Amino acid sequence: MEDFRTILYATDFSDSSDFAFGHALLLARKFNAQLGIIHVINEPVDLRGFYVPHITFEKLEEEIEQGAQKMMERFCRTHVGDYEAVSTFVVPGIPYDEIIKKSVEISADLIVMGTHGRTGLDHVLFGSTAEKVVRKSHVPVMTVHCRGDD
């Protein structure tokens, strides 16, 4: 196994995702690796043609992106600490697709992400971003199951 030079950590700011960050940061410190942190804004439902009072669709997208940027800043203040080799990315799109694209773009050696532990109908209806990343990624993926999901 080679050293990890670049690690991409994917977050949706959930508890299970936060739990996985500890593993990503530990590995980044151990290998002195660049740590990329990505949050994907799930493409919103197209509301054009529907009456949404006092806000345009473009304004809604802008506010969602600003909110996600603030969440990323708060996440980094709370979790990253003194680790300086960090880059953050907030992008719109389909989460598994954007995570894989970003891993290629930054030449990641590893993707780290949490799992929600969904089962049954919930899993069938919503699928699993982590599962899709594992199946479609060309780089290794470490999934971390949050103990609180059991």
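In the predicted model, the residue Y9 is counted as buried, because its relative accessibility is 0%, and buried residues are those under 20% relative accessible area. The residue F75 likewise counts as buried, at 4% relative accessibility. The rings of Y9 and F75 have centres that lie 5.9 Å apart and planes that stand at 15° to each other, so the pair is stacked, given that planes under 30 degrees apart are classed in this way. This pair connects distant parts of the chain, since Y9 belongs to strand β1 while F75 belongs to helix α2 (residues 57-79), with the two positions 66 residues apart. Y9 and F75 are also members of one aromatic cluster, in which they are joined by F13 and F21.

A search of the whole structure yields 5 aromatic pairs. Among them is the pair of F4 and F31, which is edge-to-face, with 5.2 Å from centre to centre and 80° between the planes. Here too the pair links distant parts of the chain, for F4 lies in the segment before β1 (6-10), whereas F31 lies in helix α1 (residues 15-31), and the two are 27 residues apart. F4 is buried, because its relative accessible area is 12%, and F31, with a relative accessible area of 19%, is buried as well, the limit for this class being 20%.

A contact between helices was also examined. The axes of helix α3 (residues 95-105) and helix α5 (residues 129-136) come within 9 Å and cross at roughly 45°, which means that α3 is oblique to α5. The crossing of these two helices is right-handed. On the side of α3, the contact is made by P95, Y96, I99 and I100, and on the side of α5 by T129, K132, V133 and K136. When the residues of this contact are divided by character, 5 are nonpolar, 1 is polar and 2 are charged.

As for the chain as a whole, it contains 5 helices and 5 strands, and these elements follow, when read along the sequence, the pattern β-α-β-α-β-α-β-α-α-β. Of the 150 residues of the chain, 39% count as buried. Among the contacts in the chain with a separation of 6 or more, 77% are accounted for by residues that are 24 or more positions apart.

How values were computed: Residues are numbered from 1 along each chain as its sequence is written. This is a predicted model: local features need pLDDT of at least 70, side-chain atom pairs count only at pLDDT 80 or more; totals for chains, interfaces and linings use all residues. Side-chain values use heavy atoms; hydrogens and water are left out. Axes are lines fitted to C-alpha atoms, for helices over the stretch in contact, and angles run from 0 to 180 degrees between N-to-C directions. Helices (H or I, at least four residues) and strands (E, at least two) are DSSP runs, numbered from the N terminus. Angles under 35 degrees count as roughly parallel, over 145 as roughly antiparallel, 65 to 115 as roughly perpendicular and the rest as oblique. A crossing is left-handed if the near helix is turned anticlockwise from the far one by less than a right angle, and right-handed if clockwise. Contact means heavy atoms within 4.5 Å. Ala, Val, Leu, Ile, Met, Phe, Trp, Tyr, Cys and Pro count as nonpolar, Asp, Glu, Lys and Arg as charged, and the others, Gly among them, as polar. Rings of Phe, Tyr and Trp (its six-membered ring) pair if their centres lie within 6.5 Å; planes under 30 degrees apart count as stacked, over 60 as edge-to-face and the rest as tilted. Buried means under 20% relative accessible area, exposed over 50%, partly exposed in between (1.4 Å probe, protein chains only).
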